[in-house]
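Visitor: I should like to go through the bonds and contacts with you, setting each value against its definition. Please show the sequence and structure before we begin.

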Amino acid sequence: MAAAAAAAATYWLAEHPAIVGFRWSPTHLWFSTWAFLLGFLASYVAICLALDAFLGAALRRRKPLPLGPVPAAHALLMAAVSAAIFAGTLLSAVAEIRDTRWSWRGRSRTTPFRWLLCFPPGTRSSGRVFFWSYAYYLSRYLHAARGVFAVLQRRRGASARVFAHAASVAMAFLWLEFSQSFQVLAILASTLAHAVAFGFRFWVGAGLPAARGARGAPVALACQLALLGCNLACHVGVVWMHFGAVGGGCSGIGAWVFNTLLNAALLWVFLHCYGKRGVCDDDGGATAARARHDGNKEL
């Protein structure tokens, strides 16, 4: 039974013809053109900032708008999507290494680890891992709803969050457009962190048993720190591979430079959000602390 379930999961997540034969194409895939990307980013940022300004003018006090179960339902959906992409990327990476390892022998010094960090020059955005990179790119649009929630809930640092989500969408697009190196490890780390963090947010938001006692646990902060550490290690590895360890360099190094700048901007957002405890905390601890603070002001 377990073997059959594992075989079925491997087929549907790594061996299905639609996955194996995937090819990134601006003319045949949803949301795959520069025009759509730039239009979405401009509209998303403009609408969120305008909404934030309107709410700031209409509501004198920083009182969050009630969203009911929507954030919790969104967190559950994001946790499920992230877990599926993590599993698919992991199985696909294993399958790609298995199928292409023979071509590395005697022709290059490529190893599975080096392939994960540094795609050979000329790599095209096709095959299993790029299918899941495309799925990850699409999930960034779903993830961007968190920026809208931050604005509606009148969270401090909402504008910084909006720009962070916009940058995340742009980075995922660049990974596909330029076959950027190290994206497999980045997707694995990101989706694992999101599966844990969003699962915890759903647990707290839905008020499941023992959730109240865990409400103040800094799960999102811990996941963000782990993800930032992983990204930093991957960037150092790409620099080492491109300029010294691998002859010919790595694929998508130009996009990697821009990606590095975006990651620096995301680091600034992270420091801005967590410079003061609870400013951008989604675990629920900040919400509870803010509620107590507002209550104290009313007394």
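Visitor: What makes arginine 98 and glutamate 15 a salt bridge?

Guide: A salt bridge is a side-chain nitrogen of Lys or Arg within 4 Å of a carboxyl oxygen of Asp or Glu. The closest N and O atoms of arginine 98 and glutamate 15 are 3.1 Å apart, so the pair meets the definition. Arginine 98 lies in helix H4 (residues 70–104) and glutamate 15 in helix H1 (residues 2–15), so the salt bridge ties together parts that are 83 residues apart in sequence. Helices are DSSP runs (H or I, at least four residues), numbered from the N terminus.

The model is predicted: local features need pLDDT of at least 70 and side-chain atom pairs count only at pLDDT 80 or more, while totals for chains, interfaces and linings use all residues. Residues are numbered from 1 along each chain as its sequence is written, and side-chain values use heavy atoms, with hydrogens and water left out.

Visitor: Why is arginine 98 called exposed?

Guide: Exposed means over 50% relative accessible area, buried under 20%, and partly exposed in between (1.4 Å probe, protein chains only). Arginine 98 has 52% relative accessibility and therefore counts as exposed. Glutamate 15, at 26%, is partly exposed.

Visitor: Which residues are linked with this pair in a network of salt bridges?

Guide: The network links Glu15, Glu96, Arg98, Asp99 and Arg128. Within it, arginine 128 and aspartate 99 form a salt bridge, with their closest N and O atoms 3.0 Å apart. Arginine 128 is in helix H6 and aspartate 99 in helix H4, 29 residues apart. With a relative accessible area of 6%, arginine 128 is buried; aspartate 99, at 32%, is partly exposed.

Visitor: How many salt bridges are there by this rule?

Guide: The count comes to six. One of them joins aspartate 52 and arginine 154, at 2.9 Å from N to O.

Visitor: How do you know that cysteine 118 and cysteine 250 form a disulfide?

Guide: A disulfide is a pair of cysteine sulfur atoms within 2.5 Å. The S to S distance here is 2.0 Å, so the definition is met. The link is left-handed, with -110 degrees about the S-S bond. Both cysteine 118 and cysteine 250 are buried. The structure holds one disulfide.

Visitor: Why is there no bond between cysteine 230 and cysteine 234?

Guide: The sulfur of cysteine 230 is 4.2 Å from that of cysteine 234, its closest cysteine sulfur, which is too far for a bond. Cysteine 230 is partly exposed at 25%, whereas cysteine 234 is buried at 5%.

How values were computed
Helix = DSSP H or I, 4+ residues; strand = E, 2+ residues; numbered from the N terminus.
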